[in-house]
Amino acid sequence: MSTIEIGHDVGAATLDKRRLERSLQKAGRHQRLISVSLVAPLAAFTFVFFVIPIFAFFTFSVANTEVPRGLPLTSEAIKEWSGEGRPPQPVMEALTQDLQNTYNRTAVIGAARRLNYDIAGFHGLITKTITNLSEPITQPDVSSENTDVPDGFSIFGTSETTTTPTQTLPKDAGERLVSIDSRWGEPRYWQAIERGTWTITPIYLLTALDLRIGDDGSIESVSPDHRIYQALILRTFGVSAAVTMIAVILGFPLALFIKRQPANRASLIMFLVLVPLWTSILVRTTAWLVLLQGEGLLNDLIQWLHLSDTPIALIHNRIGVLVAMVHICLPFMILPLYSVMRSIPPTYTRAAASLGASPARVFFKVYLPLVFPGLSAGALLVFIMCLGFYVTPALVGGPRDQMLSYFIAMAVNRDLNWGLASSLSIVLILIVAIALLLLKRFSASALAK
Amino acid sequence: MSVKTDPFVRFVNVYKAYDVNTMVVKNLNLNVSAGEFLTLLGPSGSGKTTTLMMLAGFEEPTSGEIILDGKAINGIPAYKRGVGMVFQNYALFPHMTVGENLAFPLQARGMPRAEQQTRILQALDMVKLSNFVDRRPGQLSGGQQQRVALARALVFDPSLVLMDEPLGALDKQLRDHMQLEIKHLHDRIGVTVVYVTHDQTEALVMSDRVAVFNEGKIQQIAAPSEIYENPTTDFVAQFIGENNRLEGTVSEVRGSESLLVLKDGSAVRTLSADGAIAGESRKLSVRPEAILVGPEAVDLPNNYAASVKEIIYLGDHVRLIVPFGGPDELAIKLTHRRAAAIAVGDKVRFGWNPDQCRALV
Amino acid sequence: MTTTAIERIASTLVAVIAIAVLFFLMVPLLVAVPLSFNAEPYFSYPMPGLSLRWYQEIFGSTVKGIEWRNAFFNSVVIGVSASILATVLGTSASLGIARGDLPFKQSLQAMMLSPLVIPVVVYATGAVYFFARVSLIGTYPGLIVAHALLGTPFVMITVTASLAGYDRNLTRAGLSLGASPWRVFRKVSLPLIGPGVASGALFAFVTSWDEIIVTLFLAYPNQQTIPRRLWAGVNEQLSPVVIAASTLLFLVTLCLLVVTEVLRRRNARLAGTL
């Protein structure tokens with residue numbers, strides 16, 4: 001009736017490994033092709049319009065093209081220089097020619113701005129030198145003021161040069177430059193030009209960490225009164241941590257409360273929690289402005305209650321930022337917390353209670369460890385969100401409450417300093433990445449449960 | 001029931017592997033006759049479900065050929081095979097009513113509406129659910145959903161129906177009932193059924209033939225009684241029903257019988273499956289109900305004596321445990337009446353006929 | 001017993017804090033929304049009188065009204081287009097991922113979800129440079145593409161979640177009953193994951209509808225959206241018109257939230273019957 005052979009017919013149809021591999025590959029290929037073609041459109045879309053723009057933007061953090069573009073002859077000539085003492089004559093002549101090249105003026109100004117990031121005042125030095133070189137029979141007053149462009153991101157400080165047409169310039173290019181401004185005699189300015197010819201530059205990344213290349217070529221901290229970014233990074237971190245902590249403290253009781261309600265009421269409360277989540281951040285921030293401002297409602301209430309006679313500053317300071325940010329982040333804390341709480345069967349706590357543990361002990365030793373995955377996931381989610389906040393601090397914060405995102409936007413929009421914007425973005429992304437790694441670990445352990 | 005001799009489904013040298021190192025189905029050769037109810041029985045991972053999936057068209061054989069009604073069906077997608085299938089968790093479409101579920105295969109075939117309606121009512125009538133056309137699957141009990149799934153797999157008159165552990169999700173009582181119902185349905189309409197289960201009772205109750213799978217190979221394929229009474233391998237013996245298995249060495253072969261010496265020196269006359277050789281190690285397989293106790297045992301060719309170690313009460317019968325065959329123990333099934341006089345520690349005589357036991361590989 | 005007393009105090013405390021937090025969540029909206037009906041341009045209670053003058057300013061035929069309506073129109077066009085784009089791409093990708101045999105699945109998934117965690121300012125800044133290079137800056141397609149990108153992770157999350165509750169045997173059952181793969185997708189899979197797709201689409205729409213940062217960076221001054229007008233209003237001078245517009249914006253999102261909640265319940269009901 002039926003034939004059954006149990007693997008004895010070696011000749012007929014045993015499969016050697018290579019044939020098997022080939023046929024397995026063939027079998028999988030068709031199915032995989034379908035999966036790949038379903039995913040490909042979004043993958044390509046994300047790659048082209050998201051990944052590429054961000055990585056292209058990141059390259060600005062080390063891009064160093066301004067000096068070779070603005071000062072091409074100098075960049076070529078300075079390769080011969082040892083870096084010690086004054087550069088040789090050809091370098092000086094090359095710079096003179098580069099600065100006199102009126103067809104390349106925009107690029108020269110670009111190079112000047114770039115060099116100003118390295119040594120404050122370089123922009124002024126170059127504009128002054130250009131002005132003087134264009135009038136060959138004049139020489140500047142020796143005491144002409146050096147209006148340094150301030151350090152940092154503001155590069156629009158203009159330098160005015162007062163010139164007095166008294167003496168003719170020396171023929172020698174080096175002498176001529178030094179006579180226009182004695183700073184051309186200092187090696188560090190030439191060193192800065194030399195650094196400007198490197199393929200990539202570390203100065204933006206260093207600036208983002210309040211570091212600079214010192215005169216001896218080593219990395220050093222900038223002077224204390226010019227330090228901005230370390231404090232900014234700490235502030236971003238600190239505000240995010242504070243918001244996260246407050247969100248945990250406020251979110252935990254609410255999640256616990258919702259979980260203890262009967263199903264219908266619980267879903268109504270969840271709906272109320274979701275309404276703010278779905279409301280535009282702008283709308284909510286506007287509402288806080290109305291509530292917190294000097295002649296706002298909360299101050300009216302405070303004065304009506306005679307708690308204070310003068311309006312309390314609640315907006316455009318840290319209080320306003322924290323209140324508005326906590327308000328925005330709270331739902332993101334409550335959602336994961338509530339879903340974890342709901343998944344914990346009451347048998348655990350009942351078991352602990354039946355074993356004689358006090359309610360406090362049950363809570364801290366049994367319930368809290370069980371809830372921890374949701375708590376940590378929510379907290380890290382909130383923390384990551386906070387790190388990137390821009391709108392809320394910009395609208396309800398004061399100048400001292402702005403976070404990294406604000407400075408990134410400002411570096412690009414106001415200062416056109418793409419290198420610094422890119423470096424600050426990298427710092428921000430790194431912090432986010434670390435938080436994400438933590439989140440992944442915690443959520444993995446939460447899933448393992 | 002008539003079983004045609006020409007095989008309706010044939011597996012020819014079929015192999016299936018998911019990766020290079022694990023062969024899920026190894027050189028499968030299997031014929032199913034038209035109208036037959038064949039059960040693929042085996043533990044999980046034995047290759048039975050993969051075999052069914054290859055027949056349904058959800059998996060492709062890595063090598064070999066599957067022939068359905070004379071045509072090779074390798075590479076033909078599932079939806080063109082016209083094979084009905086019933087799934088373990090029924091797989092009823094939850095967003096459609098019972099009627100819409102049944103209409104689904106008919107609409108896919110472009111059947112006129114009026115004809116659809118008659119077919120649907122006929123099919124529902126067959127599973128005694130005519131009043132449930134407008135219900136949603138979520139409003140039905142497990143047994144009712146199971147019947148709808150059955151009706152849906154049959155409504156388009158497939159010549160072959162596959163069932164993948166269809167009763168797995170039901171409770172025991174309902175399962176027993178549905179076993180018979182499916183069997184009767186099969187007898188009535190004569191469709192060919194390939195049925196996958198890991199439940200041996202289900203296999204024995206419903207099937208014309210049972211194929212026992214283990215590690216990707218068919219261990220034995222035969223009628224239920226044959227499988228139960230004459231297992232050809234140790235695996236089948238232990239998988240189907242209950243069996244005492246005692247290790248021993250073949251000392252002598254005489255025709256179809258051989259003499260097996262157990263670890264404690266007891267000699268047992270036994271049938272030997274596929275040609276035992278003297279000196280070979282084999283496993284003695286004897287069913288608890290084949291062992292007789294007391295005066296009836298005395299005259300048997302195989303009879304021994306030992307003290308009762310334990311008596312286990314099992315409701316409809318009692319089980320005696322006696323030490324036997326060295327490190328092993330022997331379970332003996334007894335009626336209450338026979339066990340009444342026996343107590344733990346009593347010395348009893350027990351034995352069985354040589355044709356009631358087997359020396360298996 | 002003392003323990004029960006402590007328990008009672010603890011749970012009362014939890015309830016009090018919880019209600020206070022709930023109040024905190026609701027209060028800005030409860031307090032600000034009525035001010036849009038204030039007859040005078042002040043933000044204080046009690047209001048001297050009620051009026052619809054701020055809404056009239058938005059809906060009126062003045063230049064300002066036309067500007068508001070243009071912004072509204074822009075927001076809707078950009079939001080709907082971005083939502084459609086995000087939904088199609090995100091749903092297709094989720095289906096591909098759910099099949100389970102995708103090479104480099106982890107990395108691809110991480111990449112496609114990355115818009116969720118990358119700070120928007122970083123993306124917006126990068127986009128300014130790149131979109132300028134490919135002539136998309138200041139164009140509607142550019143804004144739609146950028147908004148769609150921010151919305152796709154939400155589509156992927158909701159669709160993947162609904163696929164997780166989807167029994168793959170249903171697809172197999174459909175095929176075994178003789179329906180082609182496309183027919184099975186249309187008649188069986190899509191209706192069942194439909195609520196997930198729809199709430200993903202709504203998420204994507206709301207993401208675009210509320211988006212301000214990318215818009216500020218990529219849009220030309222003539223491309224006004226509602227959030228952009230609000231931004232300008234808040235930055236320049238807070239006027240009740242801004243509150244009125246916020247209220248309208250809030251009402252739109254509230255309606256959408258109700259829709260998703262209904263969809264979610266429907267989804268849960270269907271899943272419960274599986």
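**Close-up 1. Tyr123(C) and its contacts.** Setting aside neighbours within four places in sequence, Tyr123(C) touches residues from two chains: Phe49(A), Phe50(A) and Ile54(A), plus Phe131(C), Ala146(C), Leu149(C), Leu150(C) and Val214(C). Keep in mind that this is a predicted model. Tyr123(C) also belongs to the largest nonpolar core, which has 248 residues. Together with Leu254(A) and Phe131(C), Tyr123(C) is one of the residues touching the most other members of that core. Which element gives the most to this core? That's helix 15 of chain A, with 13 residues. There's a second core as well, separate and made of 29 residues, and among them are Val67(A), Ala112(A), Leu115(A) and Ile126(A).

**Close-up 2. The second largest pocket.** Here we look into about 2000 Å³ of space. The lining has 45 residues, and the ones closest to the pocket's centre are Gln31(A), Ile34(A), Phe58(B), Arg99(C) and Arg168(C). Several elements give two or more residues to the lining: helix 2 (17-59) of chain A, strand 1 (7-19) of chain B, and, from chain C, helix 3 (63-98), helix 6 (140-164), helix 7 (168-176) and helix 8 (181-210). Which of them gives the most? Helix 2 of chain A does, with 11 residues. What kinds of residue make up this lining? Sorted by class, you'd find 24 nonpolar, 11 polar and 10 charged ones.

**Close-up 3. His316(A), a loop residue with a positive phi.** Most residues other than glycine have a negative phi. His316(A) isn't a glycine, yet its phi is positive, at about 60 degrees. To find His316(A), follow chain A to the loop between helix 14 (297-304) and helix 15 (318-343). Is His316(A) buried or exposed? Neither, quite: it counts as partly exposed because its relative accessibility is 46%, and that label covers values between 20% and 50%.

**Close-up 4. Leu416(A), another positive phi in a loop.** Leu416(A) has a phi of about 55 degrees, again positive and again not in a glycine. In chain A, look for Leu416(A) in the loop between helix 19 (404-413) and helix 20 (418-448). With a relative accessible area of 42%, Leu416(A) is partly exposed.

**Close-up 5. Chain B and its annotated domain.** Chain B has 361 residues, of which 54% count as buried. How many helices and strands should you look for in chain B? There are 9 helices and 21 strands. Along its principal axes, the C-alpha trace of chain B spans about 75 × 45 × 40 Å. Take the contacts in chain B between residues at least 6 apart in sequence: 66% of them join residues at least 24 apart. An unreviewed UniProt entry places "domain: ABC transporter" at residues 9-240 of chain B. Those residues are 36% helix and 27% strand, and the C-alpha atoms at the two ends sit 25 Å apart.

**Close-up 6. Two annotated stretches of chain C.** For chain C, UniProt (unreviewed entry) gives the annotation "transmembrane region" to several spans, including residues 192-220 and 240-259. Residues 192-220 of chain C are 86% helix and 0% strand, with end C-alpha atoms 42 Å apart. Residues 240-259 of chain C are 100% helix and 0% strand, and their end C-alpha atoms lie 29 Å apart.

Definitions and conventions. Residues numbered from 1 in each chain as written. Chains lettered and ligands numbered in written order. Predicted model: local features only at pLDDT ≥ 70, side-chain atom pairs only at ≥ 80, totals over all residues. Heavy atoms only, no water. Helix = DSSP H or I, 4+ residues; strand = E, 2+ residues; numbered from the N terminus. Buried < 20%, exposed > 50% of the residue type's maximum accessible area, 1.4 Å probe, protein only. 1 Å grid on protein atoms, 1.4 Å probe; cavity = no way out; pocket = protein on both sides within 12 Å on 5 of 7 lines; lining within 4 Å. Points joined across faces, edges and corners; volume = space filled by probe spheres on them. Nonpolar A, V, L, I, M, F, W, Y, C, P; charged D, E, K, R; others polar. UniProt positions renumbered as here; feature names shortened; annotations may be inferred. Core = buried A, V, L, I, M, F, W, Y, C linked by side-chain atoms within 4.5 Å. Contact = heavy atoms within 4.5 Å.
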